[in-house]
Amino acid sequence: MAQVRLHLHEANGPLPAVCMFCGETSTVVIAEKLVWWPRWTYVFFFVHPFLWANVAWCASRSAWVQAPFCSRHQRHWQNRSLSIWSAGTVLVGILSGIAFIAVAKFFELGDEGMAIVIYLGGVSLLAIWIMVIVFIHHMTIRPSVITDTEIVIQGVAESFVQAVQEADRERLETRSARDNAQVTPEGHAAANDPGHLQARMPEKSPTDAIEE
Ligand SMILES: [Zn+2]
């Protein structure tokens, strides 16, 4: 699987009609808010899973992606959520069972002993569930970094990356051709729409644009 770097507005705009997961022609666009948390937050997991959950939540960033998928993979992220919640339900079931056995077997523990059993059971549940979430997260299409301007998405199809690069190239060529058309041979902005031209060409002088 490959990775792709997109500007945030590019990710939340129309992307090439190629399934992000398998590279086939896409049939649907799924709007999804991807969430990323920095790796350093995992240090807190070893202090306490609950602390990690809070730190990761505070340090997390999110970005919207208008993701193209084929009909087979349109439920890619829905299935991920379903797996996470199913795993959570199974874990709650297992730990409830253990708690009942603990109550039956160690009835003589008293209130304090039971409080410890319940606390340790709860923390174990949270820790296992977080590990399941992280594992499932790494099996799916996910962000590996989100900044103020861009998102890097991991686990996408190679053909999707190529389609994005191709679209970027075409966009640049179109823009360059349009810029050339809007600049007079003397290198002055077209008088009928100067504001529009200035907004389009912040990084290049009119002369450079002509030379391209
Ligand atoms: Zn697909």
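Good morning. I begin with helix α2, where Trp57 and Cys58 are exposed; exposed denotes 12 or fewer other C-beta atoms within 10 Å of a residue's own, buried denotes 20 or more, and partly exposed lies in between, with C-beta atoms placed from the backbone. On the other side of α2 (residues 49–59), the buried residues are Pro49, Trp52 and Ala56. These cover an arc of only 50° around the axis, which puts them on the same side of α2; the arc is that of the directions from the helix axis to the C-beta atoms. An α-helix has 3.6 residues a turn, so residues three or four places apart point the same way.

The model is predicted: local features need pLDDT of at least 70, side-chain atom pairs count only at pLDDT 80 or more, and totals for chains, interfaces and linings use all residues. Residues are numbered from 1 along each chain as its sequence is written. Helices (H or I, at least four residues) and strands (E, at least two) are DSSP runs, numbered from the N terminus.

I turn to the sheet. Three strands form an open sheet in the order β1-β5-β4, with antiparallel pairing; strands pair if DSSP finds at least two bridges between them. The edge strands, β1 (2–7) and β4 (142–146), each pair on one side only. Between β4 and β5 (residues 150–156) there are four bridges, and Arg142 stands opposite Gln154 in β5.

Finally, what do the buried residues of α5 pack against? They pack against β1 and β5. In this helix, Phe160, Val161, Ala163 and Val164 are buried.

Technical notes: Contact = placed C-beta atoms within 7 Å.
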